Amino acid sequence: FRPGARFGPRGIRDISSLLRPYNRVLGVDPFTRLQVADLGDLRINPLDTLATLDAIKEQIAGIAAAGAIPLSVGGDHTIGLGTLRGVRAAHGRAVGLVQIDAHLDTWDSYFGSRYTHGTFLRRAVEEGLVDGGRSMQVGIRGPLFGPDDWVRNADLGFEVIPAEDVHDRPLSETAARIKGRLGGGPVYVTLDIDSVDPAFAPGTGTPEVGGLTSLQAIRLVQGLAGLNLVGMEIVEVAPAYDSGQVTALLAARLLHEFLSVIALSKP
């Protein structure tokens with residue numbers, strides 16, 4: 001809807017200099033428990049989506065095979081197919097998925113294309129990258145093209161926690177549902193910043209009203225502690241539509257929360 005997510009990684013890097021290392025809520029400094037590196041931008045072909053997905057797969061697979069946990073920053077959500085291919089190649093099995101998002105992203109095609117930010121998750125299931133029976137979509141909201149969108153999404157095996165449920169129930173209950181469904185195996189987390197209400201995160205390509213607050217998004221990530229996390233990503237930050245860098249700042253904070261959750265699993 002609104003282009004410009006290619007500039008998200010740069011915007012997040014810039015504002016991340018504001019962050020301090022110690023996580024007060026989780027009681028951990030991830031940088032004292034983990035070796036953390038910014039490996040820079042991946043080598044991609046911005047004029048060829050399929051070539052870019054192949055390149056992302058190869059590079060993420062190398063990172064994961066080395067024993068590291070990749071935290072990827074987009075870019076639009078199309079990159080999720082490449083990152084999931086890389087994680088699948090490194091770990092040799094389909095992963096459970098936590099998708100924190102406003103949209104299902106399980107259409108078969110979008111404007112005639114099978115490889116877009118709105119179709120990546122269907123391709124991931126078809127390719128055996130994601131186990132739909134061990135996956136959950138959180139924060140889904142807004143209108144659809146029709147009821148078949150919901151039916152086809154359910155056919156892939158996903159359990160959905162709509163944004164309305166997140167608002168109406170304690171976050172601890174949502175976290176418990178996620179852990180109950182995904183515990184016991186490798187888990188990948190994909191977080192679209194449009195899961196957060198545009199009042200808190202205006203800098204994104206496809207905003208949807210009625211979303212999560214910044215604090216709800218942070219608490220959801222904190223609630224993932226204890227899962228076997230093998231990779232994570234944050235996508236769809238578009239700085240051109242941001243206000244005072246608040247969207248990029250939230251994304252940077254969420255990356256720090258991811259690191260903190262991983263650090264809690266380390267001695």
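**Exercise 1. Which residue just after α4 takes a positive phi, and of about what value?**

Solution. Bear in mind that this is a predicted model. Step past the end of helix α4, which covers residues 79-91, and you arrive at G92, whose phi is positive at about 75°. Now try the end of α3 in the same spirit: G67, just after that helix, takes a positive phi of about 95°.

**Exercise 2. Check the lengths of α3 and α4 against what their residue counts suggest.**

Solution. Start with α3, residues 49-65. The expected span is 1.5 Å times one less than the number of residues, so the 17 residues of α3 should span 24 Å. The end C-alpha atoms of α3 are 24 Å apart, which agrees.

Next take α4. Its 13 residues should span 18 Å, and the end C-alpha atoms lie 19 Å apart, again in agreement.

**Exercise 3. Describe the start of α3 and find its buried residues.**

Solution. First look at D48: at the start of α3, one of its side-chain oxygens comes to within 3.2 Å of the backbone nitrogen of L50. Then move along the helix, where the buried residues are T52, L53, A55, I56, Q59, I60, A61 and A64. Finally, ask what lies over them: the cover includes β1 (71-73) and α4.

**Exercise 4. Work out how α3 and α4 pack together.**

Solution. Two packed helices are described by the angle between their axes and the distance between the axes. Here the angle is about 40° and the axes are 7 Å apart. Angles under 35 degrees would count as roughly parallel, and 65 to 115 as roughly perpendicular; α3 is therefore oblique to α4. The crossing of α3 past α4 is right-handed.

Who makes the contact? From α3 come L53, D54, I56, K57, I60, A61, A64 and A65, while α4 brings I79, L81, G82, T83, R85, G86, V87, A89, A90 and H91. For α4, also pick out its buried residues, among them I79, L81, G82 and V87.

**Exercise 5. Is T190 buried or exposed, and which residues surround it?**

Solution. Locate T190 in strand β5, residues 186-192. Its relative accessible area is 1%. Buried means under 20%, so T190 is buried.

For its surroundings, set aside neighbours within four places in sequence: T190 then contacts H77, L97, V98, Q99, I100 and E233. Look again at E233, whose side chain is joined to that of T190 by a polar contact of 2.6 Å.

Methods:
Residues are numbered from 1 along each chain as its sequence is written. This is a predicted model: local features need pLDDT of at least 70, side-chain atom pairs count only at pLDDT 80 or more; totals for chains, interfaces and linings use all residues. Side-chain values use heavy atoms; hydrogens and water are left out. Helices (H or I, at least four residues) and strands (E, at least two) are DSSP runs, numbered from the N terminus. Buried means under 20% relative accessible area, exposed over 50%, partly exposed in between (1.4 Å probe, protein chains only). A polar contact is a pair of N or O atoms within 3.5 Å; within protein, one must be able to donate a hydrogen and the other to accept it, and residues adjacent in sequence count only if both atoms are side-chain atoms. Contact means heavy atoms within 4.5 Å. Axes are lines fitted to C-alpha atoms, for helices over the stretch in contact, and angles run from 0 to 180 degrees between N-to-C directions. Angles under 35 degrees count as roughly parallel, over 145 as roughly antiparallel, 65 to 115 as roughly perpendicular and the rest as oblique. A crossing is left-handed if the near helix is turned anticlockwise from the far one by less than a right angle, and right-handed if clockwise.
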